Protein chains: 4
Amino acid sequence: MSSARPASGASRPNEYQIPKTMKAWVLDDPEQLRLVDKPVPEPGAAEVLVRIDAIAVCATDIEIIKHGLPAIVDGGSPFNRNFTPGHEYMGTVVKLGPSVDEFRLGDRIAVEVHAGCGRCQRCREGMYTSCLNYGYHAKGHRANGFSTDGGFAEYAVNSVNTMVHVPDDMPDAEATLIVTAGTAMYGLDVMGGIIAGEGVVVVGPGPIGLMGVGVAKALGAQPVILTGTRERRLEMGKRLGADAVVDVTKEDAVAAVQRLTGGKGVQYALECSGAPNALNEAARMVNRGGRVCLAAFPADPVPVDLAYIVRNNIYVFGIRGEGKSATHRAAALMAQKRFDAKLIHTHTFPLAEVPTAIRYARDRVEDAIKVVVTMRQS
Amino acid sequence: MSSARPASGASRPNEYQIPKTMKAWVLDDPEQLRLVDKPVPEPGAAEVLVRIDAIAVCATDIEIIKHGLPAIVDGGSPFNRNFTPGHEYMGTVVKLGPSVDEFRLGDRIAVEVHAGCGRCQRCREGMYTSCLNYGYHAKGHRANGFSTDGGFAEYAVNSVNTMVHVPDDMPDAEATLIVTAGTAMYGLDVMGGIIAGEGVVVVGPGPIGLMGVGVAKALGAQPVILTGTRERRLEMGKRLGADAVVDVTKEDAVAAVQRLTGGKGVQYALECSGAPNALNEAARMVNRGGRVCLAAFPADPVPVDLAYIVRNNIYVFGIRGEGKSATHRAAALMAQKRFDAKLIHTHTFPLAEVPTAIRYARDRVEDAIKVVVTMRQS
Amino acid sequence: MSSARPASGASRPNEYQIPKTMKAWVLDDPEQLRLVDKPVPEPGAAEVLVRIDAIAVCATDIEIIKHGLPAIVDGGSPFNRNFTPGHEYMGTVVKLGPSVDEFRLGDRIAVEVHAGCGRCQRCREGMYTSCLNYGYHAKGHRANGFSTDGGFAEYAVNSVNTMVHVPDDMPDAEATLIVTAGTAMYGLDVMGGIIAGEGVVVVGPGPIGLMGVGVAKALGAQPVILTGTRERRLEMGKRLGADAVVDVTKEDAVAAVQRLTGGKGVQYALECSGAPNALNEAARMVNRGGRVCLAAFPADPVPVDLAYIVRNNIYVFGIRGEGKSATHRAAALMAQKRFDAKLIHTHTFPLAEVPTAIRYARDRVEDAIKVVVTMRQS
Amino acid sequence: MSSARPASGASRPNEYQIPKTMKAWVLDDPEQLRLVDKPVPEPGAAEVLVRIDAIAVCATDIEIIKHGLPAIVDGGSPFNRNFTPGHEYMGTVVKLGPSVDEFRLGDRIAVEVHAGCGRCQRCREGMYTSCLNYGYHAKGHRANGFSTDGGFAEYAVNSVNTMVHVPDDMPDAEATLIVTAGTAMYGLDVMGGIIAGEGVVVVGPGPIGLMGVGVAKALGAQPVILTGTRERRLEMGKRLGADAVVDVTKEDAVAAVQRLTGGKGVQYALECSGAPNALNEAARMVNRGGRVCLAAFPADPVPVDLAYIVRNNIYVFGIRGEGKSATHRAAALMAQKRFDAKLIHTHTFPLAEVPTAIRYARDRVEDAIKVVVTMRQS
């Protein structure tokens, strides 16, 4: 496989030799990925070219590959458009677009997904993940691996907006988890973000939920309670700092939270399960005036007890992605080693085996949690 | 009927002669109200005695009288406890409790419902309508007509917390609507409150919805769109300032809002209908990153499309009552005559006819919107 | 003078004929303006070309013309760089840059000053007036008439970010005041923005202060008190809605505010005078926990009683420009005719007489408040 | 010395035997403290009696003892009123007032200073440290050791509002530092509170500053820079987590911060020095749009460069005390051992030697930082 290399042997090169073409997976029909040779893209203003060093598989990638949405490539379907999916990647800056001085050649970076258009009302108010020009590349919007080419490839172009520095001592695979932790961080932020000493329930020990435990505990939340069905993942939650875990196959989740909090409930619930009754349960885990963030959702409409939500003055925050620069905050906590994100990384594959990596993640083969594709032997 | 009167003929008396007993309606079995003689209550610290001059009937009163909840009288049911319901009242300060200097004898006041305990976490953070000691009178919580005696009576005790001055030129009946406007104001506040030039849809032209139109327009929202089924109420919405109204018996509400906003949707939706599909529709009326406030709710769980809410980064705020001193802000706008709240006042009855007043409100007799009980001929 | 005109006589033209060159004032040495022929600029992505129809003179223009700062043209001084000052302008969209669909040819617009770079931390959090790349045009930052060419000319290029629609029935000269009202609005916003029924003191009846009175009153503040030294301007404040005015040549400003508020003070003070003791006085006009916004400042350091500010838990907000889309909110209130901004427009000159217009504004000739340069006879 | 003891030997007693009188220091003339026998006070509603186990000396105590203000005992001077100062105490709950179930006999607690009246506008909005009824005990306001008797005594009454649980494994002396850490936490909170990965400068390594370092670092701030003049205290800052310290006797503080941040400055500055030029320097340490919290202040007015503050859109937050329940958050971080507050505890004295303790703190005898009076040998 060709790869950008420093022009000299120096650790901080002056220039990288960039090949004309690269290996990249593209999406043909639903669930049909094909490895092709594609031109290496050229960074524009406020962009850089990233040599991808590692990329994790996200449940949303699997959705896009199967159903298309919400990946909109210039307003249309992602199928048979030569579109490369994948958004949880990290890599090395190998070329700078015009005007870029925020990064240098050789910088290791991880990415967040959304570069807003910068010109709509939401972007102007700082809510760039809710960009009103979503999918309009010509207006400046980019969502890596959603509306523009992503990271199951050797290279990708990124806006300087969507990148965060990775410290030298953080392994490639761990750095792919920054964006996952960033989503959890964003969920806590939108609920208020000042959570030291406050109770937080994380519902669902998927990758975002487990990172949510790590982030909440790093910020001093107390107690942090994790609920789920799989013992191994709950155990992982404990290692990430959960004060208590609840196996909902053995105990009613709401009753357990009430038991663990002396009947008071918690202030915040971060729902990461997408289970049909999760919002109703989360509403009953928080106290009056409490807040619930939905970072996951069931595919179809589900019965919700709105009367309970209104009578108890509960606020419910749907979140998309990892806005308000939460990725930067998550990266900072990980750089400071406040929690061990690596714990959720269970499997590793090379670029050539992306379909296998996706299968492992999708089918939870060998109880896979986070499956990472790495470009380099390490 | 006996009544407190100034000891002298002065407009601002030094003292009121307070009778020992008063007429008051009490709740026996569900839907059984009885007019009794009751001791006139004594104001404690930070409280005053209010001579009630007018009280409006709220849909929640009807719920309490029928189902009990959420009226909790010292932790129990409101039935057969000598409990007096009613919370949308105004009147005259006729006696001051110890330490009170915020009000003077003879002041005309309107009330909000909630006096928090002042000692729980929510009260300490200013969210007194979500008081964690709801219903615990001994801990200082009071919710007029919910957890403590209300206003279908000649007198009531009120915390100085829950009162707002009524200007001389505002009629008694109009002043009973301050708390309704306060609820609408609170709904707009929790969604951000800075709404000049922003689009707001009000769903449901009940009293809160109609006041929501008035308040939103007073604060400069543009456009303010009101949706509903009754032509007369929609017409009233126009007179309160709605830029457009949508008769949902003739046009799909979501399609109409998209049409009226050039496909952009609005920033805020204030849901006041309690219709089963209202949240799903409201979510599709706001744009990406938009906010929905639920001031009403269906009695039973309803199907909600959470996927839409999450994918569009929508925040949903359940509200109970009229917190954050919204009643003060509503009173100020009404005192400044920014909208004509009186429009929604449709029927008037004397204290002796409270059951009839309630029936008019409950059954919408003669298309009643706001039914007011007044104590004085005027 | 040449001017863009519709290609046809239609009110909404399909195309404007744009000349190659235009008349524009450029800044040579300090205070030396010269009228030259300059190329009409070309709008880039997310930009339009605006035919300027009117422009008001701001005190900051006078500062820039005399001292240079804070106008930074690509990192340097504005002198002898062919730089055209002026930022309070409005006009007609006559050409669209690539990808623009937010505006159409023939739209009347007013402008705000700041288009942030969209890539720094502040822009990403919605604080684009505090762009960390201020003055770096290559990184996307634009501040009309500060870091890029402004409006004392026939045409100017604007980012779609910095424009707001002007309704048909608003005269050109009035529309130039939108940005002034936007600054006042921003000042109220940063202090919390939910001001109905709250007391606001506006210190200093200059253009921003007078617009502050109009905006505060439009949002329901009560009382709104204006302090100043010039009777005519205080009188104008009354016509814009001030509940009370204080002539500080006759009464101590703090004492007056305490008198007018029954010793309670107000919640918010908007300082627009730049007087040396204004912050100390404003701090004593607000109550404990109150907020002060500084929209003006003395040139040199002044003694400030920080002990008073800390002991009374006062927050002080310096603001630059009119961020958070406040201009849109101000425009909405003006379009709804909530206050009569035209009152502060006192003098009018043609483009050829810009130096005279500036002299009138600087020296307050004939008690000038707002001096407007208009391009068309009307 | 008499002392409340459990009626039985059980670790969690059912009852404490409370003596009628206690030893307490009272303030006669300025700087004249006298040890007297005083009645043990009786807890009212929502109050408990605390047996004081330890109390730290705060610089404000020294101010009160010397100058009186801001200690206002029922509206008057604290001198010769039998007033007991001291507010940084912790102890054991030995008697419950009516309605109290938030605490149990035997609970170890630390205190915050302010119990707002609960009825003024500020208290209703959650800003109880800015209570508009400050010093009016009859209206419910209490500020321990300021407006009501404090903790240089064997017992004190406390509102349940102002208490936080102390874990078993936290020594008495350490628990007296919770309120100091709470003040630092409040300062970070008012500036936004979401500081992971953001730069923070703490100006002045006094007790609040040093706790500010610990709290900021615990919340993930990066870098945390401490500036000061005393090498030993700067060294202590490093042990509390500072990423860098600046000895301002050797290097210009602003230049050092710019050097340490690559010329970018930080987002937040917490000023704890009270130095005359500290605000001007802090304003130049933060970047455009940055925030400064003043937790200390010079006694007299000082020259402040307001032009710099306005031009750079800087917000300045004066804080009094430790509002918004910051003490609870600080206690949680300390309970989780996120930083070692004990480091700043340098000297210990018994109750009989309070004047000596105060002298050590005031004159920094033996470089004293935090001087603690403990009631029990341990």
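**Aromatic pairs and a shared sheet in a predicted model**

Modeller: In this predicted model, Phe317(A) and Phe317(B) are both buried.

Biologist: What makes Phe317(A) and Phe317(B) an edge-to-face pair?

Modeller: Ring centres must lie within 6.5 Å to pair, and planes over 60 degrees apart count as edge-to-face. The centres of Phe317(A) and Phe317(B) are 5.8 Å apart and their planes stand at 85°, so the pair is edge-to-face. The pair crosses between chains, from strand 18 of chain A to strand 18 of chain B. Ring pairs also join Tyr315(A) and Tyr315(B) with these two residues in a cluster.

Biologist: Why is the pair of Phe349(C) and Tyr360(C) called edge-to-face?

Modeller: The limits are 6.5 Å between centres and over 60 degrees between planes. Phe349(C) and Tyr360(C) show 5.0 Å and 65°, and the pair is therefore edge-to-face. Phe349(C) lies in strand 19 of chain C and Tyr360(C) in helix 11 of chain C, eleven residues apart.

Biologist: Why does strand 14 of chain A stand at an edge of the sheet?

Modeller: Twelve strands form this open sheet, with mixed pairing. Strand 14 of chain A and strand 14 of chain B each have a single partner strand, so one side of each is left without a neighbour in the sheet.

Biologist: How do you know that helix 6 of chain B packs on the sheet?

Modeller: Contact means heavy atoms within 4.5 Å. Helix 6 of chain B touches strand 13 and strand 14 of chain B, and the direction of helix 6 makes about 170° with that of strand 13 of chain B.

Definitions and conventions. Residues numbered from 1 in each chain as written. Chains lettered and ligands numbered in written order. Predicted model: local features only at pLDDT ≥ 70, side-chain atom pairs only at ≥ 80, totals over all residues. Heavy atoms only, no water. Pairing = 2+ DSSP bridges. Helix = DSSP H or I, 4+ residues; strand = E, 2+ residues; numbered from the N terminus. Axes fitted to C-alpha atoms, helices over the stretch in contact; angles between N-to-C directions. Phe/Tyr/Trp six-rings, centres within 6.5 Å; stacked < 30°, edge-to-face > 60°. Buried < 20%, exposed > 50% of the residue type's maximum accessible area, 1.4 Å probe, protein only.
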